[in-house]
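Dear colleague,

Please find below the sequence and structure that I am handing over to you. My findings follow after it.

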Amino acid sequence: MTLPLSFDINGIKACQRNRHPLLFVDRIFDVIPGEKASGVKCFTYNEWFFPAHFDDEPNVPGFIQVEALVQTFIMSFLSKEELRGKKTNFIGINNVRFKRKIVPGETLTIHATLQSFRRGIASGSAVSFVGEDQACSADFVVAVPDVLDQFKPKESH
Amino acid sequence: MNNLEKYQNVFKESFQFEGDVAQLEYQAITEWDSVGHMQLMAHLEDTFSIELDVDDIIDFSSFKKGIEILSKYNVTI
């Protein structure tokens with residue numbers, strides 16, 4: 001295995017469980033498992049949400065921008081062999097900032113950093129750009145339930 | 001702040017709980033679920049500068065049981 005790793009769409013689907021129409025990253029690159037990951041998402045007018053958000057001014061909804069960030073972020077740890085294919089749950093999202101509208105024809109580049117992964121709880125951050133312009137950023141806490149379950153008490157007393 | 005106060009604060013802060021923490025048990029409140037358990041363990045490790053073994057994390061089923069477990073790490077509550 002040569003670092004850093006890269007993943008095409010099939011590689012992404014092998015690592016995480018998000019699927020169309022809720023998979024918002026096309027390619028992952030510059031991955032150091034347990035440390036960082038970067039991603040690319042290309043938005044065309046064929047995206048299902050553009051006609052609805054909005055018909056006269058299509059732009060990427062905020063929640064989808066956040067999903068693109070977190071789907072890149074989880075690749076920073078789901079790229080580890082022992083975690084590939086596991087489901088993830090949000091625990092917390094903090095410090096979300098939207099700096100720029102994203103419109104059809106633009107490409108989002110995302111850089112995510114894993115600050116810690118401790119017994120199934122990952123924390124870190126991600127920031128996205130359109131060209132040189134920052135678009136969105138957020139801090140995340142994400143759980144991997146399969147790992148958490150290995151540490152929970154067997155019974156209450 | 002003595003160790004008992006630190007220990008109580010870990011529970012209060014981890015679960016945002018203002019009641020009698022001495023009576024707390026795993027799953028007795030909604031906040032102490034599997035996610036809350038990991039947050040509690042991480043908070044304890046940071047507070048007392050220890051690293052809990054997996055078996056002790058699994059055995060840590062109540063406030064009272066935790067006092068017993070922490071004594072193995074030379075943390076006297």
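**Helix H4 of chain B**

In this predicted model, the buried residues of H4(B) pack against two helices of chain B, namely helix H1 (3–15) and H2. Those buried residues of helix H4, which spans residues 63–71, are Phe63(B), Gly66(B) and Leu70(B). Viewed along the axis of H4(B), they fall within an arc of 45 degrees, so they line one face of the helix. The spacing agrees with a general rule: an α-helix has 3.6 residues a turn, so residues three or four places apart point the same way.

**Contact between the chains**

To the contact, chain B gives 16 residues and chain A gives 15 residues. On the side of chain B that touches chain A, helix H2 (34–48) and helix H3 (54–59) each supply at least two residues. The largest share of that side, five residues, is from H2(B). Sorted by class, the side of chain B that touches chain A comprises nine nonpolar, five polar and two charged residues. H2 of chain B therefore appears twice in this account, as a packing partner of the buried residues of H4(B) and as a contributor to the contact with chain A.

**Strand E4 of chain A**

Strand E4 of chain A covers residues 89–98; of its 10 residues, the number buried is zero, so the strand lies largely in the open. E4(A) pairs with strand E7 (residues 133–143) of chain A in the antiparallel sense, over seven bridges. Within E7(A), Val142(A) is the bridge partner of Phe90(A).

With kind regards

How values were computed: Residues numbered from 1 in each chain as written. Chains lettered and ligands numbered in written order. Predicted model: local features only at pLDDT ≥ 70, side-chain atom pairs only at ≥ 80, totals over all residues. Contact = placed C-beta atoms within 7 Å. Helix = DSSP H or I, 4+ residues; strand = E, 2+ residues; numbered from the N terminus. Nonpolar A, V, L, I, M, F, W, Y, C, P; charged D, E, K, R; others polar. Buried ≥ 20, exposed ≤ 12 C-beta atoms within 10 Å, placed from the backbone. Arc of directions from axis to C-beta. Pairing = 2+ DSSP bridges.
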